[in-house]
Amino acid sequence: MRVLRERLEELERAFDVPGETVCEIAKTFSEEMLAGRWGQGSLKMLPTFITPPTGKELGDFLTIDFGGTNVRIGLIGLGGDGCYKIKRTCSVTLRDSAGNYDYTSENTTAEELFDFIVLQIGHLTKDCRTGTNLLGHTFSFPTQQINSARAILLNWTKEFKTGGVEGKEVTALLEAALDRISLQHIKPVVILNDTTATLLTAAYLDSDAHIGSICGTGHNTCYLEGPMLINIESGNFNKFPITVFDRLLNEASEKPDHQLLEKAVSGRYVGELIRLIIGSLVEEKLLFRGRAAAIEVAHSISAPEVALIIKDESTDLSSVANWVKTKWAVQELSFKELNSLRQISLMVVRRAARLIAATFIGILLRIDPGLKSRHVIGIDGSMFEKMPFFLATILQAFHEVYPEKSDAIVVKHINDGSSVGAAVAAAVVSQRVI
Ligand code: GLC
């Protein structure tokens with residue numbers, strides 16, 4: 001019978017992305033970027049029709065940040081000197097946990113969804129004079145932009161299924177709802193992806209920002225090419241080595257063969273990959289003496305739980321032990337078993353960060369092959385913010401590929417990028433500058 005140690009070594013090899021592989025993936029990614037411009041390959045390369053800000057953008061703007069089950073409405077003031085202030089904000093869920101409503105399901109119409117969102121704008125602006133009627137809308141799904149103000153939803157991602165939105169022009173749906181709720185004085189002037197919003201926020205603060213990325217529940221990246229920001233929809237990248245566990249996860253997913261990179265790196269899936277690995281070791285009787293039925297429940301490990309496992313650097317791994325006991329009712333765990341859970345979590349998260357780093361290098365190969373200039377990469381999202389070692393692992397990969405010059409790549413956490421970027425975009429397109 002194989003021992004746990006040997007099996008873990010095998011897994012380590014399968015999830016390892018050595019320096020040469022990072023380089024190969026980067027090269028392939030950059031080729032796919034080119035193919036995507038011609039409508040080929042896995043990258044959509046969607047033009048945004050938005051140019052970068054100067055940092056002098058000024059004024060108050062209403063914002064919608066719609067990219068997941070929580071929608072955030074905001075009133076954001078731009079100071080014109082690279083400063084901003086979130087003056088008002090509120091957040092609502094599109095899926096009530098008590099089951100009273102679910103605006104993400106196929107039983108809901110586009111009208112119901114947008115009426116609900118617009119009602120929240122009404123609440124936010126009800127008892128104050130906002131001094132603005134310009135609205136920036138961050139809509140974090142793949143869209144074909146007609147221009148900076150109008151965009152057609154290509155397909156829902158992230159398990160959204162609301163009827164009557166796919167294939168429709170989203171700003172028209174929003175305007176119709178503003179009309180119905182008697183808020184027609186509010187003018188949606190721009191619609192953009194969350195990666196674009198993150199890049200715009202980063203660029204508002206630092207003119208060397210050329211890449212914006214979301215490493216959260218979903219994953220995607222946007223970059224500046226020539227005068228325009230391009231939404232890569234990199235979560236759909238599929239030319240990188242995958243393991244048997246990626247295959248299992250993909251086959252059981254809502255949309256098999258879509259969003260393969262996202263399924264390997266994002267918060268929605270890392271826990272599931274780890275669960276599948278642990279499950280196979282339990283089945284092989286290498287863990288928990290083959291007994292842990294609860295581990296068979298799909299998607300039962302969340303990204304915050306993965307963060308908790310990785311964070312435990314104590315000598316007895318007490319947090320991991322408590323977690324396993326409460327979660328799976330498994331008692332009497334050996335240190336070896338606990339440590340293997342941590343090792344598995346680390347290998348999956350480490351691979352995620354290195355794959356993402358490879359795609360960033362792929363973009364740099366396109367925009368600055370010799371890495372002659374400074375480039376700021378603005379990133380937001382829970383994986384980046386909360387997963388231990390995520391940033392350090394990305395930086396380490398940069399250092400391996402560019403041992404002499406990796407300092408030229410600066411990674412910055414862009415807080416509230418999705419909302420602030422909507423205000424910056426609204427200012428850019430309506431030329432509200434000092
Ligand atoms: C999904 C969406 C993409 C978005 C990303 C992060 O990948 O398709 O548009 O940017 O999630 O929210």
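Is Lys87 buried, partly exposed or exposed? Select Lys87 and see. At 44% relative accessibility, Lys87 counts as partly exposed. Keep in mind that this is a predicted model.

**Stop 1: a bridge between two strands**

Stay on Lys87 and add Asp60. Their side chains meet in a salt bridge, 3.0 Å from N to O. The two residues belong to distant parts of the chain: Lys87 is in strand β4 (residues 84–93) and Asp60 is in strand β2 (residues 58–66). They are 27 residues apart. Asp60 counts as partly exposed too, at 22% relative accessibility, because the buried class ends at 20%.

**Stop 2: more salt bridges**

Side chains of opposite charge can pair when their charged atoms come close. A search of the whole structure finds 23 salt bridges.

Select Arg5 and Glu9. Their side chains form a salt bridge at 3.5 Å, N to O. Both sit in helix α1 (residues 4–15). They are four residues apart there, so about one helical turn separates them. Arg5 is exposed, at 55% relative accessibility. Glu9 is partly exposed, with a relative accessible area of 37%.

Now select Arg150 and Glu175. This salt bridge spans 2.9 Å, N to O. It links distant parts of the chain: Arg150 lies in strand β7 (residues 150–153), Glu175 in helix α4 (residues 170–180). In sequence they are 25 residues apart. Arg150 is partly exposed at 27% relative accessibility. Glu175 is partly exposed, with a relative accessible area of 27%.

Finish this stop with a group. Select Asp206, Asp208, Arg374 and Lys412. A network of salt bridges links these residues.

**Stop 3: around the ligand**

Show the ligand. Which of the 14 residues around the ligand come nearest? They are Lys158, Asn193, Asp194, Glu233 and Glu262.

Zoom in on Asn193. One of its polar side-chain atoms lies 2.8 Å from an oxygen atom of the ligand. Next, pick Asn220. An N or O atom in its side chain is 3.0 Å from a ligand oxygen. Then pick Thr157. Its side chain has an N or O atom 3.1 Å from an oxygen atom of the ligand.

**Stop 4: the nonpolar cores**

Select Ile278, Phe288, Val324, Trp328, Met387, Phe390 and Phe398. These have the most contacts inside the largest nonpolar core, which has 83 residues. Now color helix α11 (residues 335–367). This helix gives the core its largest share, 16 residues.

Click on Trp328. What is Trp328 in contact with, leaving aside neighbours within four places in sequence? The partners are Ile278, Phe288, Ala294, Ile295, Ile301 and Trp323.

Another core lies apart from the largest one. It has 33 residues, among them Phe66, Leu135, Leu183 and Ile186.

**Stop 5: a buried charge**

Go to Asp312. It sits in the loop between α9 (303–311) and α10 (318–328). Asp312 is buried, yet it has no salt bridge. Which side chain of opposite charge is nearest? That is Arg342, 6.2 Å away. A salt bridge has to fall within 4 Å, so this pair does not count as one.

What does the side chain of Asp312 reach? It reaches the backbone nitrogen of Val320, at 3.1 Å. Setting aside residues up to four places away in sequence, Asp312 touches Leu317, Ser318, Ser319, Val320 and Arg342.

**Stop 6: two positive phi angles**

Most residues other than glycine have a negative phi. Here are two that do not.

Select Leu317, one of the residues that Asp312 touches. Leu317 lies in the loop between α9 and α10. Its phi is positive, about 50°, although it is not a glycine. Leu317 is buried, with a relative accessible area of 2%.

Now jump to Glu332, in the loop between α10 and α11. Its phi is near 45°, again a positive value in a residue other than glycine. Is Glu332 buried or exposed? Glu332 is exposed, with a relative accessible area of 65%.

**Stop 7: a meeting across the chain**

End at Ile414. This residue lies in the loop between β13 (409–413) and α14 (417–429). Ile414 is buried, with a relative accessible area of 4%.

Add Thr198. Ile414 and Thr198 are 216 residues apart along the chain, but their C-alpha atoms are separated by 6.6 Å. Show what Ile414 touches, not counting residues up to four places away in sequence: Thr198, Thr201, Ala202, Gly378, Ile379 and Asp380.

Methods: Residues numbered from 1 in each chain as written. Predicted model: local features only at pLDDT ≥ 70, side-chain atom pairs only at ≥ 80, totals over all residues. Heavy atoms only, no water. Buried < 20%, exposed > 50% of the residue type's maximum accessible area, 1.4 Å probe, protein only. Lys, Arg positive; Asp, Glu negative; His and termini not counted. Polar contact = N/O pair within 3.5 Å; in protein donor to acceptor, adjacent residues only side chain to side chain. Contact = heavy atoms within 4.5 Å. Core = buried A, V, L, I, M, F, W, Y, C linked by side-chain atoms within 4.5 Å. Near = heavy atom within 4 Å.
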